[in-house]
Amino acid sequence: MNRRLTATLAGASVLLLAACSSTDAGQAGRAAGARVTVSSCGEQTSFPKPAQRLFVNDGNLISMVLALKAQDRVAAVSSIGRDKALLRKHYGAAVDSLKVVAPEYPSLETVVAQRPDVMVAGWGYGYSEEKGVTPEALRAKGIDAFTLTESCRQHGSRARGTVDPWTALRTDLTHLGTITGHDADARRVNTDLDRRLAALRSAPKPKKPPTVFVFDSGDKEVFSSGALGAPQAVIAAGGGRNPLSDLKDTWTSVSWERVAASRPDAIFFVDYPPQSFAQKVHLLRTNPATRDLPAVRQGRFLNLPYAMWTSGPLNIDAAEQARVALERWDLVPRR
């Protein structure tokens, strides 16, 4: 679960004209059309306005575009399979109109073949030096790169996250609204987010918030999330406390000893392969380090889809479901 170009309008035009030999007329249009510059991962990044052909990777980023009603700007998507039913539930038939070209993270060749003018992805959400899919590689092919804010790398580090998760989400919705020409929809989605978040924050609070551990997957270590990942936002808004909030990172691995030491009151799972929910529960119930934890003994488990835990508009739905679960277990006061 991971995830630049500073140019004037004239400078971008020169670069893009040079790239036309390897791209179609859609990319060539980048040179002549209007451009917009937004701040991305601390750098000013230029995009066509509006973008005409987006390549979008991962369910959470696809959910952003669908929430903005910008599916008409999408040329292709990848890594949607595990979240397709969830997205259809929230965004309807628009999901089935999307062209799926890769079941998992795409190769650079797969992206280029769809002739996008912008790729929407992130570090650990499609961008990868190992696979050669990076903003720099895309720009060399005449494709602008939008980077998920939650995945921005910290200066001098591979740790991710530079702002709090709700700010990261609002920023991306606003920027994608600008890039796709759906500014009004971005304001609508952010207003709804803020309204629902305010309702959760005004709910009655316990004297001590329950500790909630997020379990993505685990074997020798447990993959979870620190202070700068979307789970931090979900847990806190739902009324709980993330025991990994001291880790200034988004998604990261911790030891089983760290899980045991947190003594969670509840465990929330990311419904994400290759481990099933049943396999994760079995592991917790048979591991000597975790089988006697309060959450495990009481069976206080909540399993939610990947796109609800990774930065996207469905984070607020996850927070609302988290609150309901904590109320049901009498870990927070009922509203």
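Which residues form one aromatic cluster together with F215 and W256? In this predicted model, the cluster is formed by F215, W256, F269, F277 and F301.

The aromatic contacts of the structure were examined pair by pair, and the count comes to 10 aromatic pairs. Among them is the pair of F215 and W256, whose rings are tilted, with a centre-to-centre distance of 6.1 Å and an angle of 55° between the planes. This contact links distant parts of the chain, since F215 belongs to strand β9 (residues 212-215) whereas W256 belongs to helix α10 (residues 256-262), the two residues being 41 residues apart. Both partners, F215 and W256, are buried.

A further tilted pair is made by F268 and W329, which is so classified because the ring centres lie 6.4 Å apart, within the 6.5 Å allowed for a pair, and because the planes stand at 40°, an angle that is neither under 30 degrees, as stacking would require, nor over 60, as an edge-to-face arrangement would require. F268 is located in strand β13 (residues 266-271) and W329 in the segment after α14 (315-328), so that the pair ties together parts of the chain 61 residues apart in sequence. With a relative accessible area of 0%, F268 is buried; W329, at 17% relative accessibility, also counts as buried, because the limit for that class is under 20%.

Aromatic rings are also met by charged side chains in this model, as two arginines show. R82 lies over the face of Y306, at 4.0 Å from the ring centre, while the charged end of R153 is placed over the ring of W123, 3.9 Å from the centre of that ring.

With regard to covalent cross-links, the count comes to one disulfide, which is formed by C41 and C152, with the two sulfur atoms 2.0 Å apart. The link of C41 and C152 is left-handed, with -80° about the S-S bond. C41 is found in the loop between β1 (35-40) and β2 (43-48), and C152 in the loop between β8 (144-147) and α7 (165-180), so the disulfide ties together parts that are 111 residues apart in sequence. The two cysteines fall into separate accessibility classes, for C41 counts as partly exposed at 25% relative accessibility, whereas C152 counts as buried at 2%.

Conventions: Residues numbered from 1 in each chain as written. Predicted model: local features only at pLDDT ≥ 70, side-chain atom pairs only at ≥ 80, totals over all residues. Heavy atoms only, no water. Phe/Tyr/Trp six-rings, centres within 6.5 Å; stacked < 30°, edge-to-face > 60°. Helix = DSSP H or I, 4+ residues; strand = E, 2+ residues; numbered from the N terminus. Buried < 20%, exposed > 50% of the residue type's maximum accessible area, 1.4 Å probe, protein only. Lys NZ or Arg CZ within 6 Å of the ring centre and 35° of its normal. Disulfide = S-S within 2.5 Å.
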